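The exercises below ask for a careful reading of a protein model, one region at a time. Each task is followed by a solution that proceeds step by step.

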Amino acid sequence: MDTAADNHSASSSSSSSSSDVDGTPRGATSAVRRALQLIQSDDSDSKLQAAKEIRRLTKTSQRCRRLLADAVIPLVSMLRVDSPESYHESALLALLNLAVKDEKNKISIVEAGALEPVISFLENENLNLQEYATAALLTLSASVNNKPIIGALGAIPLLVDILRHGSTQAKVDAVMALSNLSTHPDNVKMILETSPIPSIVSLLKTCKRSSKTAEKCCSLIESLVGFDKGRTALTAEEGGVLAVVEVLENGTLQAREHAVGALLAMCESDRCKYREPILGEGVIPGLLELTVQGTPKSQTKAQTLLRLLRDSPYPRSELPPDTLENIVCNIISQIDGDDQSSKAKKMLAEMVQVSMEQSLRHLQQRALVCTPTDLPISSSCTSEVSLK
């Protein structure tokens, strides 16, 4: 399957060559030796030719990425010189392909000093260079070792700016890079300081709910709503909670796990404040389905959230017996114990259908008003990309 970065493909990668089973081009050993000789020369044209060849060789071959590891330092030096932007682009694309699925190369690229020029490219007026730099940070941020360094060097505000104003593909790569970076505690606080929620929600509304982009948006939101500022921003953003609920209903298994995790974090922080905004977006059908069909973590989180949502300031007897809230209460009261029998799960599955039918009118009305326009945003299937 094509990755997100295939949209960035330059003409230098359009030619194909025969490959062995592992993706290594035939005759690669001699080509690798020649590329290493050229990249270490003093001639700029030779270096440019070498960068293009390294990019081609490392497009699909893990073996070539290892064999060409010695090209990292001269390629990084190409990013630092005052040269035409095409020179920088070729070096950056070669480095990016070297880093894909290669932890050692990711670390050595950062240790060689690539981050300073790459981060500076985020502000470049050349949109291609801007996109390539964003994709490079996405791939480099997949390394645990690189996360704190990238954050400390000031990449986060610039990535959020790309998320606001960049091209469609750059926005996708930026939110994925930020999601990668958010797994480091210090980075989460820095991301939060840039007020990114409106831009994340905007991207979430325009992407397919089942996409990798939606998954990364919800992953990032889940990290940010661990703080009061993030929770407040999400509820203040029109359609913010709704967008998360829609991913909970229609996202990938991992995306739904992040979505229910975000809503649970909000409700656990202040049930009285966030219970109604969450209930108001018709979350119950999706939660019921998750308790049966979600990942183990999703099932646990969904059940916990249902318990929080069922609590009401009104006595239970004052509630109409056929409300969804009472239906949920009756279900949960029977599976609260340690013994969650198959009978209880079967009943729960049946109630998913009942509650969905009862909520159909609400969901249809909501769809007429709030259904976003799906954009043809392609997204990578991993937390890193290869610019081929």
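The exercises start from the whole chain and then turn to helix packing, cysteines, loops and single residues.

**Exercise 1. The whole chain**

Task: State how many helices and strands the protein has, and what percentage of its residues count as buried.

Solution: The model is a predicted one, and the protein in it has 23 helices and zero strands. Of its 388 residues, 52% count as buried. Turning to contacts with a separation of 6 or more, residues 24 or more positions apart account for 73% of them.

**Exercise 2. Helix α4 and its surroundings**

Task: Identify the buried residues of helix α4, name the helices against which they pack, and describe the packing of α4 with α5.

Solution: Begin with the residues of α4, which spans 72-80; the buried ones are V72, P74, L75, V76, M78 and L79. These buried residues pack against α1 (28-39), α2 (44-57), α5, α6 (103-111) and α7 (115-121).

Next, take the geometry of one of these pairs. Two packed helices are described by the angle between their axes and the distance between the axes. For α4 and α5 the angle is about 145° and the axes are 8 Å apart, and α4 passes α5 in a left-handed crossing. On the α4 side the contact is made by V72, L75, V76, M78 and L79, while α5 contributes Y87, H88, A91, L92, A94, L95 and L98. Sorted by class, the contact of α4 with α5 has eleven nonpolar residues, one polar residue and no charged residues.

Finally, consider another residue of α5, which covers residues 85-99 and contains S90. With a relative accessibility of 12%, S90 counts as buried, because this value is under 20%. Leaving out residues up to four places away in sequence, S90 touches L48, A51 and K52.

**Exercise 3. Helices α15 and α17**

Task: Decide whether α15 is roughly parallel or roughly perpendicular to α17, and find the residues through which these helices meet.

Solution: Helix α15 (residues 228-236) packs with helix α17 (residues 253-269) at an angle of about 110°, and their axes are 11 Å apart. Because angles of 65 to 115 degrees count as roughly perpendicular, α15 is roughly perpendicular to α17. The crossing in which α15 passes α17 is left-handed. At the contact, R231, L234 and T235 of α15 meet A265, M266 and S269 of α17. By class, the contact of α15 with α17 has three nonpolar, two polar and one charged residues.

**Exercise 4. Cysteines**

Task: Count the disulfides in the structure, and explain why the sulfur of C272 is without a bond to the closest cysteine sulfur.

Solution: A disulfide is a covalent bond between the sulfur atoms of two cysteines. The structure holds zero disulfides. C207 is in none, and its nearest cysteine sulfur, that of C217, is 5.2 Å away, whereas a disulfide requires sulfur atoms within 2.5 Å. For C272, the closest cysteine sulfur belongs to C267 and is 9.1 Å away, which is too far for a bond. As for accessibility, C207 counts as buried at 1%, while C272 is exposed, with a relative accessible area of 65%.

**Exercise 5. Positive phi in two loops**

Task: Locate K101 and S195, and give the phi value of K101 and of S195.

Solution: K101 is found in the loop between α5 and α6, and its phi is near 55°, a positive value in a residue other than glycine. With a relative accessible area of 59%, K101 is exposed. S195 is found in the loop between α12 (185-193) and α13 (197-206). The phi of S195 is near 50°, again positive in a residue other than glycine, and at 41% relative accessibility S195 counts as partly exposed.

**Exercise 6. G154 and A155**

Task: Determine whether G154 and A155 are buried, partly exposed or exposed, and find which residues A155 is in contact with.

Solution: G154 is found in the loop between α9 (147-152) and α10 (155-165), and it is partly exposed, with a relative accessible area of 30%. Its C-alpha is 9.2 Å from that of E116, although G154 and E116 are 38 residues apart in sequence. A155 has its place in helix α10 and counts as buried at 0% relative accessibility. The C-alpha atoms of A155 and I119 are separated by 5.9 Å, with the two positions 36 residues apart along the chain counted as their separation. Leaving aside neighbours within four places in sequence, A155 is in contact with I119, L122, L137 and I150.

Notes
Residues are numbered from 1 along each chain as its sequence is written. This is a predicted model: local features need pLDDT of at least 70, side-chain atom pairs count only at pLDDT 80 or more; totals for chains, interfaces and linings use all residues. Side-chain values use heavy atoms; hydrogens and water are left out. Axes are lines fitted to C-alpha atoms, for helices over the stretch in contact, and angles run from 0 to 180 degrees between N-to-C directions. Helices (H or I, at least four residues) and strands (E, at least two) are DSSP runs, numbered from the N terminus. Angles under 35 degrees count as roughly parallel, over 145 as roughly antiparallel, 65 to 115 as roughly perpendicular and the rest as oblique. A crossing is left-handed if the near helix is turned anticlockwise from the far one by less than a right angle, and right-handed if clockwise. Contact means heavy atoms within 4.5 Å. Ala, Val, Leu, Ile, Met, Phe, Trp, Tyr, Cys and Pro count as nonpolar, Asp, Glu, Lys and Arg as charged, and the others, Gly among them, as polar. Buried means under 20% relative accessible area, exposed over 50%, partly exposed in between (1.4 Å probe, protein chains only).
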